[in-house]
Amino acid sequence: MQSDHKAVDMPAATEPYLRIWHTVKLIPVGRVASYGQIADLAGLPGRARMVGKALQAAPKHMQLPWHRVLRSNGHIAFPVGSETAEEQKGRLQSEDIVVLKYRVRLVDYQWQPDLAELLFGLAF
DNA sequence: GCCATGACTTATT
DNA sequence: TAATAAGCCATGG
């Protein structure tokens with residue numbers, strides 16, 4: 001019998017991951033955010049890498065808009081030409097986001113949430 | 001428990 | 001513009 005209430009095979013970083021997933025879900029259609037930006041908004045400043053880990057570990061059924069998360073310079077984080085990079089590019093373009101050379105102009109598409117938007121997200 | 005790896009970022013040169 | 005370094009830290013061997 002386990003001595004605590006946690007699921008046996010639940011990763012130790014579950015709570016941060018939940019916050020990250022939740023934050024990513026708030027990115028509006030047609031906008032993008034950087035890994036670091038998501039980390040900051042999720043209350044995990046400086047932990048951009050964890051955002052990558054969290055997305056990698058995200059169950060597919062969650063249908064997170066993972067494709068809206070890019071590097072701080074607007075580049076897709078996957079190797080150019082990889083299947084994943086192609087899919088991400090396609091998903092972005094299907095939202096009318098201009099992608100040139102696997103790169104998005106953040107000055108044009110970066111998500112800039114206002115306070116009300118973030119507070120609304122907290123309700124879920 | 002140490003070590004390498006990585007869907008990263010920022011500062012520095 | 002590009003390369004380097006350092007900070008970050010969960011995860012797997």
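The following dialogue examines a predicted model of a protein with two DNA strands.

Trainee: How should one begin with helix α3, and which of its residues are buried?

Mentor: The general idea concerns the geometry of a helix. An α-helix has 3.6 residues a turn, so residues three or four places apart point the same way. In this predicted model, the buried residues of α3 are Val-51, Ala-54 and Leu-55. They lie on the same side of α3, because the arc they cover around the axis is only 95°.

Trainee: Against which elements do the buried residues of α3 pack?

Mentor: Their packing partners are α1, α2 and β2, the last of these spanning residues 69-70.

Trainee: Which exposed residues does the face of α3 turned away from its buried side carry?

Mentor: That face carries Arg-49, Lys-53 and Gln-56, which are exposed. Arg-49 and Lys-53 also appear among the residues that surround DNA strand C.

Trainee: Which residues have the most contacts inside the largest nonpolar core?

Mentor: They are Ile-20, Val-24, Ile-27, Ile-38, Val-51 and Leu-55, in a core of 18 residues. At least two residues of this core come from each of α1 (14-25), α2 (35-41) and α3. The most is given by α1, with four residues. Apart from this core lies another, of 11 residues, which includes Val-32, Ile-76, Ala-85 and Ile-97.

Trainee: What does Val-24 touch, leaving out residues up to four places away in sequence?

Mentor: Val-24 touches Ile-38, Leu-55, Leu-64, Pro-65, Trp-66 and Val-69.

Trainee: Is Thr-23 buried or exposed?

Mentor: The criterion is relative accessible area, and a residue under 20% counts as buried. Thr-23 has a value of 6% and is therefore buried. Its place is in helix α1. With neighbours within four places in sequence set aside, Thr-23 is in contact with Ile-38, Leu-41, Ala-42 and Trp-111.

Trainee: Turning to the DNA, which residues come nearest to DNA strand B?

Mentor: There are 14 residues around DNA strand B, and those that come nearest are Tyr-35, Ala-48, Arg-49, Arg-71 and Ser-72. One may then ask which part of the strand is approached. Sugar or phosphate accounts for 44% of the atoms of DNA strand B within 4 Å of the protein, and bases supply the rest.

Trainee: Which atoms form the individual contacts with DNA strand B?

Mentor: In the side chain of Tyr-35, an N or O atom is 3.0 Å from a base nitrogen of DNA strand B. Two other residues approach phosphate oxygens of DNA strand B: Arg-71 through a polar side-chain atom at 3.0 Å, and Ser-72 through a backbone N or O atom at 2.9 Å. The elements giving two or more residues to the surface near DNA strand B are α2 and α3. Of these, α3 gives the most, with six residues. By residue class, that surface has six nonpolar, five polar and three charged residues.

Trainee: Which residues surround DNA strand C?

Mentor: DNA strand C is surrounded by Pro-11, Ala-12, Ala-13, Tyr-17, Gly-46, Arg-47, Arg-49, Met-50 and Lys-53. Of the atoms of DNA strand C that come within 4 Å of the protein, 74% belong to sugar and phosphate. The side chain of Tyr-17 has an N or O atom 3.0 Å from a sugar or linking oxygen of DNA strand C.

Trainee: From which helix does the largest share of the surface near DNA strand C come?

Mentor: Helix α3 (residues 48-57) supplies that share, with three residues. The residues of the surface near DNA strand C comprise five nonpolar, one polar and three charged.

Notes
Residues numbered from 1 in each chain as written. Chains lettered and ligands numbered in written order. Predicted model: local features only at pLDDT ≥ 70, side-chain atom pairs only at ≥ 80, totals over all residues. Heavy atoms only, no water. Near = heavy atom within 4 Å. Polar contact = N/O pair within 3.5 Å; in protein donor to acceptor, adjacent residues only side chain to side chain. Nonpolar A, V, L, I, M, F, W, Y, C, P; charged D, E, K, R; others polar. Core = buried A, V, L, I, M, F, W, Y, C linked by side-chain atoms within 4.5 Å. Buried < 20%, exposed > 50% of the residue type's maximum accessible area, 1.4 Å probe, protein only. Contact = heavy atoms within 4.5 Å. Arc of directions from axis to C-beta.
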